[in-house]
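Trainee: Could you take one part of this model and go through it closely with me? I'd like to begin with the surface and then work inwards.

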Amino acid sequence: MAATSVFMATPVARLTTQHLRKNINFSVVRCISQDQQSSTDSSKTPAAPTPPPKNKFSDVLAFSGPAPERINGRLAMIGFVSAMAVELSSGQDVFAQISHGGVPAFVATSLVLSLASLVTLFKGVRAESKSSGLMTSDAELWNGRAAMLGLVALAFTEYVTGSALI
């Protein structure tokens, strides 16, 4: 929890320099964190925690916003694992999977995962605040990036070779 600072200026006695013959006022500035101030100032009651701010649509889905890479990474992770599982079980390559009824399943999965991700982002909940230990938000981003590259590499390899990878 980050503490906010409160600056207080305390006047100090007027000092005079003999050789400049000017009066100079000095003041001491003290920096007190909000936690220290509340412990020294017992008359104030602590404020209730504020709910996280709700985000605008344009902020969440902006190019540098939290949603695009995270959602694309989640979809790529699901897509890569699904493509490899179907390929192992039936021997169909990615293009055969898409041409034999894979588009409706892809669209449905994309809509469900995108809406589930957007609901929490619009409420102001960030993945960084909920991650700890081994399952961090950075690990999710890197796994999503690897899955995006893996899915493209899988499709490219199968296109070049003309057959399923496995």
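Mentor: Happy to! The accessible surface of the chain comes to about 12400 Å², and carbon and sulfur atoms hold 66% of that area (Shrake-Rupley method, 1.4 Å probe; for residues, only the protein chains shown count as cover). Please keep in mind that this is a predicted model, in which local features need pLDDT of at least 70 and side-chain atom pairs count only at pLDDT 80 or more, while totals for chains, interfaces and linings use all residues. Residues are numbered from 1 along each chain as its sequence is written, and side-chain values use heavy atoms, leaving out hydrogens and water.

Of the 166 residues in the chain, 20% are buried (under 20% relative accessible area). The chain has four strands and six helices (DSSP runs: E of at least two residues, H or I of at least four, numbered from the N terminus). Starting at the N terminus, the order is β-β-β-β-α-α-α-α-α-α.

Now inwards. In soluble globular proteins, nonpolar side chains tend to be buried together. Here the largest nonpolar core has five residues: Val-60, Ala-67, Ile-71, Leu-118 and Leu-121 (buried Ala, Val, Leu, Ile, Met, Phe, Trp, Tyr and Cys joined through side-chain atoms within 4.5 Å). Helices H3 and H4 each supply at least two residues of this core.

H3, residues 67–90, is the part I'd look at closely. Its 24 residues reach 34 Å from the first C-alpha to the last, close to the 34 Å expected at 1.5 Å a residue (1.5 Å times one less than the number of residues). Two of the core members, Ala-67 and Ile-71, are among the buried residues of H3. The others buried in this helix are Arg-70, Gly-73, Ala-76, Ala-83, Met-84 and Glu-87, a list that takes in Arg and Glu alongside Ala and Met. Just after H3 comes Gly-91, with a positive phi near 80°.

H6, residues 137–161, makes a good companion to H3. Its end C-alpha atoms are 36 Å apart, which agrees with the 36 Å that 25 residues should span at 1.5 Å a residue. Along H6, the buried positions are Ser-137, Glu-140, Leu-141, Gly-144, Ala-147, Gly-150, Leu-154, Ala-155 and Glu-158. Glycine turns up within that list, and another glycine, Gly-162, follows H6 with a positive phi near 80°.

Methods:
Buried < 20%, exposed > 50% of the residue type's maximum accessible area, 1.4 Å probe, protein only.
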